[in-house]
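Reader: I want to go through this model label by label. Give me the reasoning behind each term.

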Amino acid sequence: MRRFVPAAALIVALSAGPAAANVACYVDINGGKTITSTRVGDAFSGPVTIAADGLQAGLGGGCDVAVPGILHGMVIGLLGRYDMQDVSTKFDGGSISSEAAWTAAARAGVRVNPGTLIYGLAGMSWTDISYSGATEISPRGYVYGAGLEIDIGVPNLSLYAEYNRTTWGTASNLNVTLRPQSDTVRVGLKLKFGTADLPKVAH
């Protein structure tokens, strides 16, 4: 939970700022698929790359600020997520798996029409990886990606689709070194608060 503290503090500060009248916050639920490619090195053999994939489901929240800009306006915001996942594979030497990931990121986007937002995001992620012959390893990494968010015509609800890539830092334990990289595709549903105060700026 302590990994959420910086993101939560930033979200609270954002919503309490002078531009609070243009701020909308949200919670979201999402699901998708994660593919992780891990380069493994140990004291007994040379480096090998192990691929694992699995489904994931996540909960998140964040706040956005609407500002005038190109087309129908811009959105700038902060978000935090927790993903439960079942990413695992077995091989001759054992197995490798990951059951959870945490993310804190900033995002910025452009409304191409009043109900459609295209955005990019960048931030930090943390995860726990279990590998045969080592205790649990907890690398952190940089995440970046892009998404499409669409208002669905129901007040305060929107759907989104998103792609993320996470480049994890090298983590070592008991003579085992891991360098994972993950690709995630997700779709989700957002429930927004304060959207009446978040205008869609006309061109």
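Author: What follows is a set of short questions and answers on the labels used for this predicted model.

Reader: What pattern does the protein follow along the sequence?

Author: The pattern is α-β-β-β-β-β-β-β-β-β. In total there are one helix and nine strands.

Reader: How much of the protein is buried?

Author: Buried residues make up 41% of the 203 residues. The protein exposes about 10,200 Å², and carbon and sulfur atoms supply 64% of that area. Among contacts between residues at least 6 apart in sequence, 63% join residues at least 24 apart.

Reader: Take strand S3. Why is Gln 85 called buried?

Author: Gln 85 lies in strand S3, residues 74–91. Its relative accessibility is 14%. Buried means under 20%. Therefore Gln 85 counts as buried.

Reader: What makes the link between Gln 85 and Ser 98 a polar contact?

Author: The two side chains are joined at 2.9 Å. The limit for the N or O atoms of such a pair is 3.5 Å, so the distance of 2.9 Å fits.

Reader: Which residues does Gln 85 contact, leaving aside its neighbours within four places in sequence?

Author: They are Thr 34, Leu 55, Gln 56, Ser 98, Glu 99, Ala 100, Ala 101 and Thr 127.

Reader: Next, Ile 76. Why is Ile 76 called partly exposed?

Author: Ile 76 is placed in strand S3. Its relative accessible area is 45%. Buried ends at 20% and exposed starts over 50%. The value of 45% lies in between, so Ile 76 is partly exposed.

Reader: What surrounds Ile 76 beyond its neighbours within four places in sequence?

Author: Ile 76 is in contact with Cys 63, Asp 64, Val 65, Val 67, Arg 107 and Ala 108. From Ile 76 to Gly 120, the C-alpha to C-alpha distance is 9.9 Å, with their positions 44 residues apart in sequence.

Reader: How many aromatic pairs are there?

Author: The count comes to one aromatic pair. Its rings belong to Tyr 82 and Trp 102, with centres 5.8 Å apart.

Reader: Why is that pair called tilted?

Author: The ring planes of Tyr 82 and Trp 102 meet at 50 degrees. Stacked needs under 30 degrees, and edge-to-face needs over 60. An angle of 50 degrees meets neither, so the pair is tilted.

Reader: Where do the two rings sit in the chain?

Author: Tyr 82 is in strand S3 and Trp 102 is in strand S4, residues 94–113. The pair links distant parts of the chain, 20 residues apart.

Reader: Which label, buried or partly exposed, goes to Tyr 82, and which to Trp 102?

Author: Tyr 82 has 26% relative accessibility, so it counts as partly exposed. Trp 102 has 12%, so it counts as buried. The cut-off is 20%.

Reader: What makes Arg 107 a charge over the ring of Tyr 119?

Author: Arg 107 lies over the face of Tyr 119, at 4.6 Å from the ring centre. The limit is 6 Å. Lys 190 lies over the face of Tyr 160 at 5.0 Å from the ring centre.

Reader: How do you know that Asp 83 and Arg 186 form a salt bridge?

Author: Their side chains meet at 3.1 Å, N to O. A salt bridge needs N and O within 4 Å, so this pair qualifies. The pair links distant parts of the chain, with Asp 83 in strand S3 and Arg 186 in strand S9, 103 residues apart. Asp 83 is buried at 5%. Arg 186 is buried at 4%.

Reader: What does Glu 149 pair with?

Author: Glu 149 forms a salt bridge with Arg 107, the closest N and O atoms being 3.1 Å apart. Glu 149 lies in strand S6 and Arg 107 in strand S4, so the pair ties together parts 42 residues apart in sequence. Both residues, Glu 149 and Arg 107, are buried.

Reader: How close do Asp 183 and Arg 165 come, N to O?

Author: Their side chains meet in a salt bridge at 2.8 Å. Asp 183 lies in strand S9 and Arg 165 in strand S7, so the pair ties together parts 18 residues apart in sequence. Arg 165 is partly exposed, at 26%.

Reader: How many salt bridges does the structure hold, and which residues are linked in a network?

Author: The structure holds 10 salt bridges. Asp 64, Arg 107, Glu 149, Asp 151, Lys 190 and Lys 192 are linked in a network of them.

Key:
Residues are numbered from 1 along each chain as its sequence is written. This is a predicted model: local features need pLDDT of at least 70, side-chain atom pairs count only at pLDDT 80 or more; totals for chains, interfaces and linings use all residues. Side-chain values use heavy atoms; hydrogens and water are left out. Helices (H or I, at least four residues) and strands (E, at least two) are DSSP runs, numbered from the N terminus. Buried means under 20% relative accessible area, exposed over 50%, partly exposed in between (1.4 Å probe, protein chains only). A polar contact is a pair of N or O atoms within 3.5 Å; within protein, one must be able to donate a hydrogen and the other to accept it, and residues adjacent in sequence count only if both atoms are side-chain atoms. Contact means heavy atoms within 4.5 Å. Rings of Phe, Tyr and Trp (its six-membered ring) pair if their centres lie within 6.5 Å; planes under 30 degrees apart count as stacked, over 60 as edge-to-face and the rest as tilted. A charge sits over a ring if NZ of Lys or CZ of Arg is within 6 Å of the ring centre and within 35 degrees of the ring normal. Accessible areas come from the Shrake-Rupley method with a 1.4 Å probe; for residues, only the protein chains shown count as cover.
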